Amino acid sequence: MSSDLRRLLPSVEQVLQRPEVRALEARHGRPLVVSAVRGLVEEARAQAAAGDREAVEAVGDALPARLAERLERAQSPSLVRVINATGVVVHTNLGRAPLPPSAAAQVARVATGYSNLEFDVARGERGQREVHAESRLRDLLGSEAVVVVNNNAAAVLLAVNTFAEGREVVVSRSELVEIGGSFRIPDVLRKGGARLREVGTTNRTRIADYRAALGPGTGLILKVHPSNFRIVGFTEAPSREELVALAREAGVPMAEDLGSGLIAPVPGLDEVTVGESLRAGVDVVTFSGDKLLGGPQAGLVAGRAEPLVAMRTNALYRALRVDKMTLAALDAVLALHQAGRAESEVPTLRMLSLPASAIRARAEALAAALAKSCPSVEASVVDGASAVGGGAAPVTEIPTALLRLVHPARPAQEMAAALRAGDPPVVARVADDALVLDLRTVAPEEDDAVRAALVRECGGAG
């Protein structure tokens with residue numbers, strides 16, 4: 001039976017000779033078309049082997065359309081822009097910080113041509129890539145030196161390897177954190193070639209605990225930002241100044257992983273700035289470029305010149321350094337910080353500073369539009385809270401206004417999935433059996449796209 005059905009199927013070569021398939025070949029290229037045709041024919045043969053006559057008989061007419069669909073899908077980019085309606089500003093799963101348009105434009109200019117990445121235009125000879133972005137960052141922070149690598153984990157790894165390979169790194173037990181993606185401080189220390197020396201307890205660590213742990217094998221004292229959790233209640237920890245003084249006394253460097261990378265205070269955020277750490281005398285401060293700084297993915301290191309020169313001359317640095325596009329984006333974002341325009345032009349900081357009243361006005365306008373297009377859907381605007389995200393300020397709730405939708409026939413989870421399947425995908429939340437959107441993380445120019453997606457999924461006229 002299955003062999004009889006297989007005789008009904010065209011060969012790969014027969015399919016390739018069809019005029020509509022030859023047209024697809026001219027558009028997509030022969031290698032991709034041949035591969036897709038082979039895949040479709042193999043699927044049809046499997047259906048024949050299963051005795052599915054109806055499916056096999058339909059192959060002839062349906063194959064060109066299925067081929068065209070598969071080719072379009074194969075050539076569509078897998079990394080696409082989405083609309084973030086979750087209210088989580090630094091959303092790790094959605095690419096963290098969106099770049100300012102000026103930074104994106106600068107990346108495009110640099111990426112589509114040659115650049116002076118390692119060329120001194122004035123002297124006409126080889127230059128240093130470190131002058132790009134790094135000089136601006138050094139001036140902005142008032143730091144003796146800076147180093148840029150590809151993310152904050154790389155920055156911590158480089159510091160550990162530079163100062164403590166084969167030696168001990170002293171860390172408070174309360175700071176042996178794990179953040180998203182199973183990034184664990186003990187694992188990073190091992191990969192850096194160092195041994196972990198835990199001190200103190202989960203909730204209380206004293207300067208005496210650090211002092212008792214120091215010895216000939218100590219390579220580094222490391223303080224780590226608690227990231228996405230806080231320990232409250234009966235707690236104790238030494239100040240940075242105490243740790244710096246102890247490090248100086250022992251003759252070992254002190255590093256601090258600040259994680260979020262706040263370089264200027266933001267009202268309502270209880271986060272240590274990079275400047276505070278540097279002013280306390282910390283030798284090496286590491287932080288992210290794509291969190292509260294609002295730039296591209298990067299690991300930024302600031303501090304004293306001597307230890308940072310040692311990090312830069314470590315052979316591992318070359319494996320961790322960033323490319324020209326990261327430097328271009330970082331430099332453009334830092335320029336906005338320097339000019340005092342970050343709060344208004346860097347999307348992350350702009351979203352964090354939006355008052356709830358401004359978000360409520362947009363949410364109410366959207367609810368009113370839905371009331372006209374989808375009268376059966378219950379649309380309301382309620383008080384809520386946005387999140388900073390990215391491991392920063394985990395206990396901080398930013399007042400916001402939420403658009404809450406309840407469909408009489410479609411579950412909220414089903415509507416959320418349908419929104420994610422749209423073009424562009426809209427990522428919302430589900431809470432208490434309702435679809436919930438927080439426009440804090442939706443750019444105003446995206447409001448129309450959100451409205452159209454909601455009308456489509458709610459069964460309105462569009």
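Trainee: Let's start with the open sheet of 5 strands: what is the strand order, and what kind of pairing does it have?

Mentor: Reading along the sheet, the order is S2-S14-S15-S18-S17, and the pairing is mixed. Keep in mind that this is a predicted model.

Trainee: Which strands are the edge strands?

Mentor: Look for strands that pair on one side only; here those are S2 (88–90) and S17 (429–431). While you're there, check the twist: ignoring direction, neighbouring strands of this sheet are turned by 40° against each other on average.

Trainee: Which helix packs on the sheet, and which strands does it touch?

Mentor: That's H18, residues 356–373, which touches S14 (378–389), S15 and S18. The direction of H18 makes about 10° with that of S15.

Trainee: In what sense do S15 and S18 pair, and over how many bridges?

Mentor: S15 (residues 398–406) and S18 (residues 434–438) are antiparallel, with 4 bridges. To find your place in that pair, go to Leu402, whose bridge partner in S18 is Asp438.

Trainee: Now the loop between S17 and S18. What is unusual about phi at Asp432?

Mentor: General idea first: most residues other than glycine have a negative phi, and most peptide bonds are trans. Asp432 has a positive phi of about 55° although it is not a glycine, and its place is in the loop between S17 and S18. Asp433 sits in that loop too, and its phi is also positive, near 60°.

Trainee: Are these two buried or exposed?

Mentor: The cut-off for exposed is over 50% relative accessible area. Asp432 has 69%, so it is exposed. Asp433 likewise counts as exposed because its relative accessibility is 69%.

Trainee: And where is there a cis peptide bond?

Mentor: Between Asp423 and Pro424, with omega about 5°. Pro424 is in the loop between H19 (412–420) and S16 (426–427).

Trainee: Let's turn to burial. How should I read a strand such as S5?

Mentor: In a regular strand the side chains alternate between the two faces of the sheet. So you check each face of S5 in turn: Ala145, Val147 and Val149 are on one side, Val146 and Val148 are on the other, and all are buried. With 5 of its 5 residues buried, S5 (residues 145–149) is therefore largely enclosed by the rest of the structure.

Trainee: Which strand is joined to S5 by 5 bridges?

Mentor: S13, residues 299–303, which runs antiparallel to S5. In that pair, Val147 has Val301 of S13 as its bridge partner.

Trainee: Which residues touch the most other members in the largest nonpolar core?

Mentor: The background is that in soluble globular proteins, nonpolar side chains tend to be buried together. Here the largest nonpolar core has 32 residues, and those touching the most other members are Leu141, Val274, Phe287 and Leu300. Helix H11 (residues 240–250) gives the most to this core, with 4 residues. Take Val274 as a way in: leaving out residues up to four places away in sequence, Val274 touches Leu141, Leu258, Gly261, Leu262, Ile263, Val285 and Phe287. There is also a second, separate core of 30 residues, which includes Leu157, Ala159, Leu189 and Tyr317.

Trainee: How do I read the packing of H8 and H13?

Mentor: Start with the angle and the axis distance. H8 (residues 152–164) and H13 (residues 305–312) pack at about 100°, with their axes 9 Å apart. Angles of 65 to 115 degrees count as roughly perpendicular, so H8 and H13 are roughly perpendicular to each other. Then list the contact: Ala155, Leu158, Ala159, Thr162 and Phe163 come from H8, and Pro307, Ala310 and Met311 from H13. These divide into 7 nonpolar, 1 polar and no charged residues.

Trainee: What about the angle between H3 and H4?

Mentor: H3 (residues 19–28) and H4 (residues 30–49) pack at about 130°, with axes 7 Å apart, and are therefore oblique to each other. Val21, Leu24, Glu25 and His28 of H3 meet Arg30, Leu32 and Val33 of H4. The tally for this contact is 4 nonpolar, 1 polar and 2 charged.

Trainee: Finally, how many helices and strands are there in the chain?

Mentor: The chain has 20 helices and 18 strands, and 46% of its 462 residues count as buried.

Terms used
Residues numbered from 1 in each chain as written. Predicted model: local features only at pLDDT ≥ 70, side-chain atom pairs only at ≥ 80, totals over all residues. Heavy atoms only, no water. Core = buried A, V, L, I, M, F, W, Y, C linked by side-chain atoms within 4.5 Å. Buried < 20%, exposed > 50% of the residue type's maximum accessible area, 1.4 Å probe, protein only. Helix = DSSP H or I, 4+ residues; strand = E, 2+ residues; numbered from the N terminus. Contact = heavy atoms within 4.5 Å. Axes fitted to C-alpha atoms, helices over the stretch in contact; angles between N-to-C directions. Parallel < 35°, antiparallel > 145°, perpendicular 65-115°, else oblique. Nonpolar A, V, L, I, M, F, W, Y, C, P; charged D, E, K, R; others polar. Pairing = 2+ DSSP bridges.
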